Amino acid sequence: MTLDTTSKRALRDFYEAEGRRFDHQASMYADSGNAEFWWHRKRLMHVQSYLYQCLEKPEVSSFIDVGCAEGYYVGLASRIRSGLDCVGVDISCAYIKKAKLRNPSADFVLCDAEFLPFKKGSFDLVLCSEVLEHVPDYSKALKELLDLGNMFVILSFPGHSFLYKILSRFPPLRKAMNRVFSYKTGHISEVTVGFVESLVQVHKMWKKLAISQSGALPIQIYKFIPSTRIIDTIDGALCNFLTRKRILGITTIQVINISTE
Ligand SMILES: C[S@@+](CC[C@H](N)C(=O)[O-])C[C@H]1O[C@@H](n2cnc3c(N)ncnc32)[C@H](O)[C@@H]1O
């Protein structure tokens, strides 16, 4: 199936078909030792670590996952903190049904991240992982998330590697790479750390922004490195260096925790 990025209907159909076709999170986060999945498990680790940090606070009593797919993070959050009020939303009815089956005690709502049907400040903890890059007006969706949150907003989105940044200087190459990528993965927007930082500054209630990054090498390279331990060592060293020097925006995994504290 191809992706027509100009029509909302086509986008909905794309995720409806995806939700029916496969179990997105079960396959991505499985600890299969497969180097290609290293990337997904690594970002899961960063998101997970922020979730644990936020859910340690006794004041946090409600959680929403925007673009929840099969409800993996809703399940995780309710296991970390029993009694937590959990809601998941997604644009795909097929995903929502699967999420509800897996998490019968949580609530799930079919809706679009650009138009979230909740009051301002409804949730203490908001998560939006690997979704903004799928949304045509990601700036609107990001504003919705910042409005929705009361204490923490965790965002995870992919960045582009240094190699992509060099190659994409040539407009025909950039167009071709983006077309292939969006047809396959649904990535139609390019979210940057700088953009998130600028929006957060406008919202006076949000005070602190913490960033974790990984995946300094182009994603394609992981297929050719035989061991995930080797990837971890090389990537960890590179990313520690980049983070120490405050060089942001050239890694492929970017996870942000925005807080009011
Ligand atoms: C790459 S998956 C990420 C799933 C999950 N958040 C995770 O990190 O494992 C993208 C999810 O976003 C959903 N999605 C795409 N566009 C959306 C939109 N405009 N509003 C809400 N959900 C959307 C898709 O149906 C899919 O479940």
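This tour proceeds through a predicted model, from the ligand to aromatic rings, cysteines and two single residues.

**The ligand**

Begin by selecting the ligand together with the residues around it. There are 21 residues in this surrounding shell, and those that come nearest are Tyr29, Gly67, Asp90, Ala113 and Ser129. Next, colour helix H2, which spans residues 24-29. Helix H2 gives the most to the shell, with four residues.

Now display the side chains of Gln25, Asp90 and Ser129. In Gln25, a polar side-chain atom lies 2.9 Å from an oxygen atom of the ligand. For Asp90, the distance from a polar side-chain atom to a ligand oxygen is 2.6 Å. The side chain of Ser129 has an N or O atom 2.5 Å from an oxygen atom of the ligand. How much of the ligand's accessible area does the protein cover? Of the 600 Å² that the ligand has on its own, the protein covers 97%.

**Aromatic rings**

Six aromatic pairs are present in the structure. Select Phe14 and Tyr15 to view one of them, an edge-to-face pair with 4.9 Å between the centres and 85 degrees between the planes. Are these two residues buried or exposed? Both Phe14 and Tyr15 are buried.

Move on to Tyr72 and Tyr73, whose rings are also paired edge-to-face, at 5.5 Å centre to centre and with 90 degrees between the planes. Tyr72 is partly exposed, as its relative accessible area is 28%. Tyr73, by contrast, counts as buried because its relative accessibility is 1%. Add Tyr29 to the selection: Tyr29, Tyr72 and Tyr73 form one aromatic cluster. Tyr29 was met earlier, among the residues that come nearest to the ligand.

**Cysteines**

Select Cys68 and Cys111 and draw a line between their sulfur atoms. A disulfide is a covalent bond between the sulfur atoms of two cysteines. Why is Cys68 not bonded in this way to Cys111? The Cys111 sulfur is the closest cysteine sulfur to that of Cys68, yet at 9.1 Å it is too far for a bond. Cys111 is likewise in no disulfide, with the sulfur of Cys68 as its nearest cysteine sulfur. Cys68 is buried, with a relative accessible area of 0%, and Cys111 also counts as buried, at 12% relative accessibility. A search of the whole structure finds zero disulfides.

**Gly75**

Select helix H4, residues 72-80, and find Gly75 within it. Gly75 is buried, since its relative accessible area is 6%. Then select Cys86, which is 11 residues from Gly75 along the chain. The C-alpha atoms of Gly75 and Cys86 are separated by 8.8 Å.

**Thr251**

For the last stop, select Thr251. Where does this residue sit? Thr251 is found in the loop between helix H10 (228-244) and strand E7 (253-259). Its relative accessibility is 0%, so Thr251 counts as buried.

Show the side chains of Thr251 and Gln213, which are joined by a polar contact of 3.1 Å. The side chain of Thr251 also reaches the backbone oxygen of Ile253, at 3.3 Å. To complete the view, display the residues that Thr251 touches, leaving aside those up to four places away in sequence: Gly159, His160, Gln213, Ser214, Gly215, Ala216, Cys239 and Leu242.

Conventions:
Residues are numbered from 1 along each chain as its sequence is written. This is a predicted model: local features need pLDDT of at least 70, side-chain atom pairs count only at pLDDT 80 or more; totals for chains, interfaces and linings use all residues. Side-chain values use heavy atoms; hydrogens and water are left out. Helices (H or I, at least four residues) and strands (E, at least two) are DSSP runs, numbered from the N terminus. Buried means under 20% relative accessible area, exposed over 50%, partly exposed in between (1.4 Å probe, protein chains only). A polar contact is a pair of N or O atoms within 3.5 Å; within protein, one must be able to donate a hydrogen and the other to accept it, and residues adjacent in sequence count only if both atoms are side-chain atoms. Contact means heavy atoms within 4.5 Å. A disulfide is a pair of cysteine sulfur atoms within 2.5 Å. Rings of Phe, Tyr and Trp (its six-membered ring) pair if their centres lie within 6.5 Å; planes under 30 degrees apart count as stacked, over 60 as edge-to-face and the rest as tilted. A residue is near a molecule or strand if one of its heavy atoms lies within 4 Å of it. Accessible areas come from the Shrake-Rupley method with a 1.4 Å probe; for residues, only the protein chains shown count as cover.
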